[in-house]
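Here is a set of short exercises to work through with the sequence and the 3D view side by side. Try each task yourself before you read the solution.

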Amino acid sequence: MQLDRLIAAQEAASSIETELGSRFGADAGGIAEVLKAGDEAMVFSGTFQGRDAVFKQLLTPDAVQKLAETRDELTFLCEAFADGPVRAVAFLGDLPGSQTLILERAPGMRASVAMKSGGRAMRSHVVARCGDWLAQVAPLRQQVRPFWGRKIARRITEDTGAVPPEAADLFERAWQRMAAIGKTHKGIGIQHTMAHGDFAPVNLNVDGDTVWAFDIQGGHSLPLARMCARFLVASSIFKEGVPGPLGLDKDDVQAFDVARILPPQEQGAVFAFFVAEQFLRRLKLTHPSEAQLKRALPRLEALTQGLALTEEHT
C-alpha cells in the first residue's frame, strides 16, 4: 500500500473508532486491519458488539444516500433469505459523522479464492452455489424493461482506458458484432432485477453449501443477463484452458446454469451481448499483464466467433 493511502487509512480508522465509542460506548468494538484503501471507500475489519464486522467508510459525494440505501437493501435481503443457503451480510449499524457502514463479516472463503484453491469439482461446486444465489434473489423484484443495446455498446467506446495493442483488431470485431446485436434487438423487453450491482466472485463468500453476498451498496435494477455475464466473464477471462462458448469456461457455464435464471428468449443473443459487454469492458479497464493477456486472447477470439454465430441465428 502506498504511503499516502496508508496515512489516509490510519486517519480514517482513528475517526471511525472515535465515533464508534461515542455512539455505541467504549466497549462497542474496534478496527483490526485495513482491507482496502481506495478512492471511493476505506474498508476495515474489526469487531462490533462481539461480532466480526466490516467497517466501510464511503468517500463519494452521495455517501449519505448510499448509507440509507445499503441499510434498506441489506435489511430486505436478510429478511427474504432468513437462514437459508443463500445469504447477504447483515447491516449492523452506521456512523453518520464519518459516513461509515458497520456490516456483518461474511464467513467462509471468498469465491474467487475458493475457485482456484481446489480441483475442478470444488470449482464447479463454488460456481453452482453462486448461481444458486442469483437464481433465488432474481425473482424477488423482477420487472421487464427495454433493452437499449446500442447505448450500452457506445459506452464501451467512451470508457477511459486503453485496449492492449495485441487485442485491438479482435476487440474491434467483437465490438462491431456486439453493437449489431444491440441494434437488431433495440427496445425489446428484457428481465431486470435488483440483486447485486457487482455480482462477481470477489463479492461472494462460500461456506460449505452456503453462499454469502457482500459489498452490496443499495438496490440497483440491472439486466439479469448482465449479472449472469458479469460473474462468468470475471471467472473466465484470464483463466487458463480451452475457451468454451463465447470464450467462457465450459464447465463454469454448466455449473452456473444460466437456463435456470434467464427466460429462454434471453439465453441466446441477449446473453451473448452482455458477455461481450463485460469481456470488452474488463479487457479495456483492467490493464492485464502479459500472462493474463496471453490467456485472454484465445477467449476473445472464441467470443468474436460466437457473436458471429449468434448474429446468423438472430
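The exercises below go through sheets, backbone angles, surface and salt bridges in this predicted model.

**Exercise 1. Find the order of the strands in the open sheet of three strands, and say how they pair.**

Step 1. Begin with the general idea: strands of a sheet pair through backbone hydrogen bonds, either parallel or antiparallel.

Step 2. Read across the sheet: the order is E8-E9-E12, and the pairing is antiparallel.

Step 3. Look for the edges. Strand E8 (143-146) and strand E12 (221-223) hold these places, each pairing on one side only. From one strand to the next, the twist averages 50°.

Step 4. Zoom in on one pair. Strand E9 (residues 189-194) is joined to E12 by three bridges. To see a bridge for yourself, pick His 192 and look for its partner in E12, which is Pro 223.

**Exercise 2. Which strands stand at the edges of the sheet of four strands, and what is left without a neighbour there?**

Step 1. Set out the order, which is E4-E11-E10-E7 in an open sheet with mixed pairing.

Step 2. Check the two ends. Strand E4 (86-88) and strand E7 (109-110) each have a single partner strand, so one side of each has no neighbour in the sheet.

Step 3. Follow E4 to its partner. E4 pairs with strand E11 (residues 210-213) in the parallel sense, over three bridges. Val 86 gives an example, with Val 211 as its bridge partner in E11.

**Exercise 3. Look at the backbone of Ala 82 and Asp 257, and work out what sets their phi angles apart from the usual case.**

Step 1. Recall the usual case: most residues other than glycine have a negative phi.

Step 2. Compare Ala 82, which is not a glycine and yet has a positive phi of about 55°. Asp 257, also not a glycine, has a positive phi of about 65°.

Step 3. Place both residues. Ala 82 sits in the loop between helix H2 (63-81) and E4, while Asp 257 belongs to the loop between helix H8 (250-256) and helix H9 (269-285).

Step 4. Add the accessibility. Ala 82 is partly exposed, at a relative accessible area of 44%; Asp 257 is partly exposed too, at 32%.

**Exercise 4. Is Leu 3 buried or exposed, and what about Ser 98?**

Step 1. Use the cut-offs: buried means under 20% relative accessible area, and exposed means over 50%.

Step 2. Apply them to Leu 3. Its relative accessible area is 61%, so Leu 3 is exposed. This residue lies in helix H1 (residues 3-24). Together with Leu 6 and Ile 7, Leu 3 makes a nonpolar surface patch of about 270 Å².

Step 3. Apply them to Ser 98. Its value is 8%, so Ser 98 is buried. Look for it in the loop between strand E5 (91-95) and strand E6 (100-104).

Step 4. See what surrounds Ser 98. Leaving aside residues up to four places away in sequence, Ser 98 touches Ser 15, Ile 16, Glu 19 and Gln 57.

**Exercise 5. Find the salt-bridge partners of Asp 215, Asp 72 and Glu 277, and describe where they lie.**

Step 1. Keep the principle in mind: side chains of opposite charge can pair when their charged atoms come close. With a cut-off of 4 Å between nitrogen and oxygen, the count comes to 22 salt bridges.

Step 2. Start with Asp 215, whose side chain meets that of Lys 56 at 2.3 Å, N to O. Asp 215 is in the loop between E11 and E12 and Lys 56 is in strand E3 (residues 51-58), so the pair links parts of the chain 159 residues apart. Asp 215 is partly exposed at 33% relative accessibility, whereas Lys 56 is buried at 7%.

Step 3. Go on to Asp 72, which forms a salt bridge with Arg 71, their closest N and O atoms being 3.1 Å apart. Asp 72 is partly exposed, at 44%, and Arg 71 is partly exposed, at 34%.

Step 4. Turn to Glu 277, which pairs with Arg 226 at 3.8 Å between the closest N and O atoms. Glu 277 lies in helix H9 and Arg 226 in helix H7 (residues 224-236), so the salt bridge ties together parts 51 residues apart in sequence. Glu 277 is buried, at 3% relative accessibility.

Step 5. Finish with a network: salt bridges with shared partners join Arg 120, Arg 123, Lys 239, Asp 249, Asp 251 and Asp 252.

Terms used: Residues numbered from 1 in each chain as written. Predicted model: local features only at pLDDT ≥ 70, side-chain atom pairs only at ≥ 80, totals over all residues. Heavy atoms only, no water. Pairing = 2+ DSSP bridges. Helix = DSSP H or I, 4+ residues; strand = E, 2+ residues; numbered from the N terminus. Axes fitted to C-alpha atoms, helices over the stretch in contact; angles between N-to-C directions. Patch = residues over 30% accessible without salt bridge, like charges linked within 9 Å, V, L, I, M, F, W, Y side chains within 5 Å. Areas by Shrake-Rupley, 256 points an atom, 1.4 Å probe, with all protein chains shown as cover. Buried < 20%, exposed > 50% of the residue type's maximum accessible area, 1.4 Å probe, protein only. Contact = heavy atoms within 4.5 Å.
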